[in-house]
Amino acid sequence: MSDTPSLRTPSQRIAWTATIAISTLVFIFLIAPILAIMPLSFSSGSYLTYPLPGLSLRWYDDFISSPRWMNSLKNSMIIGVASTVVSMVLGTLAALGLAQWKSRFKPLVLAFVLSPVVVPGVITAVGLYFFFAPIGLTGSYLGLILAHTALATPFVVITVGATLQSFDTNLARAAASLGASPLQAFRRVILPLILPGIASGALFAFATSFDEVVIVLFMAGPEQRTLPREMFSGIRENISPTITAAAVILTTVSVILLATLEGLRRRNERLKGSSA
Amino acid sequence: MTDALLTGADASTEVPLKRRLRRAERTRQVKALALVAPLLVFLLFTFAGPIAGMLWRAVDDREVRQALPKTVAALANWDGKDLPDEKAYAALASDILSARGAGTIAIAAKRLNYALNGFRTILTGTARHLKTAPEPDTAKETLGKINPAWRERTTWTTIKDAGGPVTGFYLLAALDLTRNVDGAIVSAPPDQAIYREIFARTFLISLGVTVLCLILGFPVAYLLATLPPRRSNLLMIFVLLPFWTSLLVRTCAWIVLLQSKGVVNDSLHWLGIIDEPLRLIYNRFGVCVAMTHVLLPFMILPLYSSMKAISPAYMRAAASLGAPPLTAFLRIYLPQTLPGIGAGGLLVFILALGYYITPALVGGAADQMISYFIALYTTETANWGLASALGAVLLLATILLALVYGKLVQGQQVTGGMKN
């Protein structure tokens, strides 16, 4: 297979060149802002302009020695990990159930389960604010974990559901016919096969919670402020280089998540390729 | 297990087997539902319940009823054509005295002031001047003396309208409508009519961002779908990395780039294109650029998956039948990408409608979208009824669009090519 589609006429060649040119500009548009902010965090000066006066790690030092930023990082991790775990359990169970369930209400239930992704964040946040305040769940870790779990679970349902679609149910039958109990069949046959789906669902769940800020704005007390929440007020007031350091840390987390996901996808494709 | 049993049941007669099959299937369905149930219960508590509660607040109207119960009761049978009778005045005077004692007068005054500007002054002023209950049959006269507003019909219809327990007041207000003194629905006075404009602005910005995303996303999706997988997978990183990068990081990056001493202005100045820094941020331009950047991957990915499914054989067939490339593109290729365009466009539009963070950070006062006002009325001014009503309108628009989206991506991947 050649690298470019077969181009016969000059006009096709022009169109193809134009596609490449425009795409290159769009790629620059997409990636340049993220790249541009990174070097600024290593600046020795306190202005966010190029050229950099010199290189230093003082803003990272500032980040690490600031209780406010470190506390927000800690909160992001606590809330992210907890809501990931809960959404993995709830989402995987639901995906397994939905794969077997036959009913004309199924599209409706599926739409309901996926709706937290589509409903504007402000609406969910306002609803939760009214709902959780009287029962003491605003300004608490538990409230934020519950809210983030609701937002993150649809991604687990989607990814696990997608894995189950390509899952051969005969394998479960085979396990049963060989005398495995349903639990054994799940643990030793089904679970290993859908694990990549669960893992990528977990990555989405964590990323969702780690990046979420609207609900945190409404519901977090000073004790529960997360990293994006801290960045939000930082950007509002005055962008300091410490914020760019926080941005680099957040971006590093995203890259790690993305790389893990890509690894999972490749592994999955390899497995599919070998079974075909 | 049941499956194993079933294979061993061949020997039995047909009817019990059928029945057993049905029973086994029923058990399976109950088990399946039991697996979904925990999530459904969870979402009921953390998502559906709260949103239902918000919708309820959009029509809930009990503040005046709680503060002025006798007045509301006395006005129940009032036809609203003339001033109410002496009984209603006496009830109001008695309500005001007890509400002042209970401290609920301010809550009622706040609610009534939403409906009629200046009502707060009327009510609190009256409460201040009314020392004791008026003598029998003098309530009308006494109240009218304290504030002439009590001699006007509007004052009383406002109380009657706010008597609850449910109201369409907030929903009407969210659409710049109000009830006049005769109870007919009319346009709100111009100084209070701001929400239609805000909704129009929200739609306009969302539409603009959607169109920008389509224009920028289409060639990229085409390139990614056309290149061999080895190369397109590599280029896909340019789409996925921003997609995974925190929204706050991206918004922050745009501020750094576009501010008056930012990278873009500096470069343009250095190149000699401009003398004065351009105003690129804290305005509509900044909002559109940053939102397009955030939402572009949501356009590219569904477009990509719809283009990936188009066989190149179609274009070759069109060419072999003598279609010029442009004709072949317009009549063969483009129509096949329409589901992708629809899905991507709707997705971007839906997400843009509810946007809050980016406009809040890079927009000026005239660029705030509906979400901003919902947040403002919830946390700052505590006008929860109006916040909920605006939320209800936004939710309705989102649900309608999501239904169309659902129809469009039916049969395609559930994710619409999103994130996976």
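A nonpolar core is a set of buried Ala, Val, Leu, Ile, Met, Phe, Trp, Tyr and Cys residues joined through side-chain atoms within 4.5 Å. The model shown in these views is predicted.

**View 1. The largest nonpolar core, with 154 residues.** Residues from both chain A and chain B are among those with the most contacts inside this core. Chain A is represented in that group by A:Met231. From chain B come B:Val239, B:Trp244, B:Met291, B:Leu295, B:Ile357 and B:Leu390. Helix 15 of chain B, residues 284-308, supplies the largest share of the core: 14 residues.

**View 2. Surroundings of B:Leu295 in the largest core.** Leaving aside residues up to four places away in sequence, B:Leu295 touches B:Val209 and B:Cys213. B:Leu295 also touches B:Val348, B:Leu351, B:Ala352 and B:Tyr355.

**View 3. A second, separate core.** This core has 28 residues. Among them are B:Val64, B:Ala88, B:Ile96 and B:Leu112.

**View 4. The interface of chain B and chain A.** Here 91 residues of chain B are in contact with 92 residues of chain A. The buried area is about 8300 Å². Carbon and sulfur atoms give 81% of that area.

**View 5. The salt bridge between B:Glu25 and A:Lys102.** The closest N and O atoms of the pair are 3.3 Å apart. The rule finds 1 salt bridge across this interface. It also finds 8 residue pairs in polar contact there, both residues at pLDDT 80 or more. On the side of chain B that touches chain A, helix 2 of chain B (residues 14-59) contributes the largest share, 22 residues. By class, that side has 62 nonpolar, 19 polar and 10 charged residues.

Terms used. Residues numbered from 1 in each chain as written. Chains lettered and ligands numbered in written order. Predicted model: local features only at pLDDT ≥ 70, side-chain atom pairs only at ≥ 80, totals over all residues. Heavy atoms only, no water. Buried < 20%, exposed > 50% of the residue type's maximum accessible area, 1.4 Å probe, protein only. Helix = DSSP H or I, 4+ residues; strand = E, 2+ residues; numbered from the N terminus. Contact = heavy atoms within 4.5 Å. Buried area = accessible area lost by both parts, 1.4 Å probe. Salt bridge = Lys/Arg side-chain N within 4 Å of Asp/Glu carboxyl O. Polar contact = N/O pair within 3.5 Å; in protein donor to acceptor, adjacent residues only side chain to side chain. Nonpolar A, V, L, I, M, F, W, Y, C, P; charged D, E, K, R; others polar.
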